Each structure stands twice: as C-alpha cells, then as structure tokens.
Amino acid sequence: AVVSTQSTGIQSKMNFIKEQLDPGTKVYLVGHSFGAYVVLQMLQKGVQVKKSALLFPMFDNMAEMPKAANLNRMLKFQFYIRAISWLTSLLPHQLRHRMIQFYLNRFSKNTQDHMANTIFELIAPSALNNIFGLARNELAVIREPDFALIKKYQENLVFYYGMFDLWAPLDCLRKLRKQVPGVKFHIADSDVSHTFMFGSCRKVAIKTIQFLTDDLPYDMTNLLPNIDEVRAAAAASMRGEEGKGGSGSGSSGPEIQEYDFCEDDE
C-alpha cells in the first residue's frame, strides 16, 4: 500500500466528495490525530461540511509535542528498523502473525485479528518506506494552527482531547480555548488513549456519533483535570512506567516539567 502525501491525500478526499456524492448531501467529517489537520485543510479549501469531529487532534506544532522525540529517534534509526522488518519478513507467515498478536495483547486483551492483519501489512518493508516519508511530512507541515479558520467554522467543529495524550496534550486545548473562546470540546475518560483502537473503539465510536448528532451537551466548565494528576501520569508514561492513563513507550524522555501542560484558566 502506498501512503499518500499530505497534499495528495487531501485532494483525493475532496475529489471523492465532489465526484461520488450528490449535490446537497450532508457531509460529516471525522479526523483522528493527523486526520484532524486534514479536516481543517479541507475546510480551508472550501469543502462544505455539516459537522466535523476532531479526535485527539494533532494540528499544533507536531515537532514540539512530547512524543515527537520518540518519532525523531525512529526516523534517525530507520535503516535498522527497515533491516529488522526485512529479516522478519523471511519468517513464516503464521509465526509473524503470532508475534504481532502477542505484542498487541500487551495493550489490550480485546485485540482482534483484523488489527494484527493491518499491522502485519504496515510493517512490511515497502510500507515502512511510505510511513517514514509520511512522518517526515507531518513533522514539516503541522506548524502553528490557523485559529482564524477554526473560529470561522467553530459552530461545526467538536474537539475531543485525551486526558494523558502526549501527541495532543491538554496544553493544546488551553491554547485553543484562549484563541477561540466558546470552542466546543470534550475530554476523554482517563482510560481512552490516543491509540484508542486497541481497546476503546466502541466507546469512542459512540461519543463520535453523539458529537455529530448533538446528542451530548457541551459542558464548557470544570472539564480540565487536576494539573498535578496530568503531569504525574504523563511523566510515568514517558518513563515507560505504568501510570494512570496507560503505559508508555518504554523509552526515556525529558522530564515532564519541560512541557507546559495546561491548567484550567476559567
């Protein structure tokens, strides 16, 4: 599979809406992580959208996020990662599948075969080349957010942040709220991570439907958790320890005090 670049990916989605949907069709967009940036770019290019839900949205200075250090390390050692991928590709198919399933079970006991199959395809040498290219592209293009654009479409946008997300930390939400007063947002339960597909798919799917159908009231006050709790859990995650909100990557990182996680300014 070829992973498209940011520009071609956005254009292909715009072409689909233009060519496959009847005029007047109500369009709802859901963007997860980098997909939130894609949704905002589509709005900027004039796509008419009824409502959009941006889940764990990564559209703010990606290179400065706490998890970016891990991604930069992967890019630095991508030659060795590709070599390992090539070596494991020589193993029997069934053995590789079991190894992936064993790894996934570390995150959740509810993993299904289709998850293992997807990862099986993504760690193929050819796919890794595209993934590394896309990662470099994301680091390059996700810079300062276009708050004027968000303010223009804020009535049709809902932001869903993770309590302990190190790709879109709550400091991004604080920044968003300052720049776009009245923006609609929710914070996920502490057990829902950025990679929610490994254990919280149903919960996030239900929330997303509620966001898009106005079934969930927007509580604009008392939503941000205690700052000390956020810092402690995020620090444990970056050290690779098991803390509230999930386990970390296992690699060491800078002290959490270097990152300005938000307090409730209200």
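pLDDT is the predictor's confidence in each residue, on a scale from 0 to 100. This model is predicted, and its chain averages a pLDDT of 75. A score of at least 70 is reached by 74% of the residues. Confidence stays under 50 over residues 1-5. That stretch has 9 contacts beyond four places in sequence. Residues 219-223 also have a pLDDT below 50. For them, too, the model has 9 contacts beyond near neighbours in sequence. Where pLDDT is low, the predicted coordinates should not be read in detail.

Now the overall build. The chain has 11 helices and 6 strands. Of its 266 residues, 44% are buried. Take the contacts with a separation of 6 or more: residues 24 or more positions apart account for 72% of them. The exposed area of the chain is about 14700 Å². Carbon and sulfur atoms supply 54% of that area.

Start the tour at helix 2, residues 34-44. Because 10 of its 11 residues are buried, helix 2 is largely enclosed by the rest of the structure. The buried set begins with Phe34, Gly35, Ala36, Tyr37 and Val38. Val39, Leu40, Gln41, Met42 and Leu43 are buried as well. After helix 2 comes Gly46, which has a positive phi, near 95°.

Move on to the surface around Phe77. This residue lies in the loop between helix 3 (68-76) and helix 4 (78-88). Its relative accessible area is 40%, so Phe77 is partly exposed; the partly exposed class runs between 20% and 50%. Together with Phe79 and Tyr80, Phe77 makes a nonpolar surface patch of about 380 Å².

Helix 9 takes us back inside. It spans residues 170-179, and 7 of the 10 are buried, so this helix is also largely enclosed by the rest of the structure. Leu170, Cys172, Leu173 and Leu176 are among the buried residues. So are the charged side chains of helix 9 listed here: Asp171, Arg174 and Arg177 are buried. An α-helix has 3.6 residues a turn, so residues three or four places apart point the same way.

Last, the cysteines. Cys172, in helix 9, is buried. Its relative accessibility is 8%, which is why Cys172 falls in that class, the limit being under 20%. Cys201 has a relative accessibility of 35% and so counts as partly exposed. How many disulfides does the count come to? The count is 0, with two cysteine sulfur atoms having to lie within 2.5 Å to form a pair.

Definitions and conventions
Residues are numbered from 1 along each chain as its sequence is written. This is a predicted model: local features need pLDDT of at least 70, side-chain atom pairs count only at pLDDT 80 or more; totals for chains, interfaces and linings use all residues. Side-chain values use heavy atoms; hydrogens and water are left out. Buried means under 20% relative accessible area, exposed over 50%, partly exposed in between (1.4 Å probe, protein chains only). Helices (H or I, at least four residues) and strands (E, at least two) are DSSP runs, numbered from the N terminus. Contact means heavy atoms within 4.5 Å. Patches are made of residues with over 30% relative accessible area and no salt bridge: like charges are joined within 9 Å, nonpolar side chains (Val, Leu, Ile, Met, Phe, Trp, Tyr) within 5 Å. Accessible areas come from the Shrake-Rupley method with a 1.4 Å probe; for residues, only the protein chains shown count as cover. A salt bridge is a side-chain nitrogen of Lys or Arg within 4 Å of a carboxyl oxygen of Asp or Glu.
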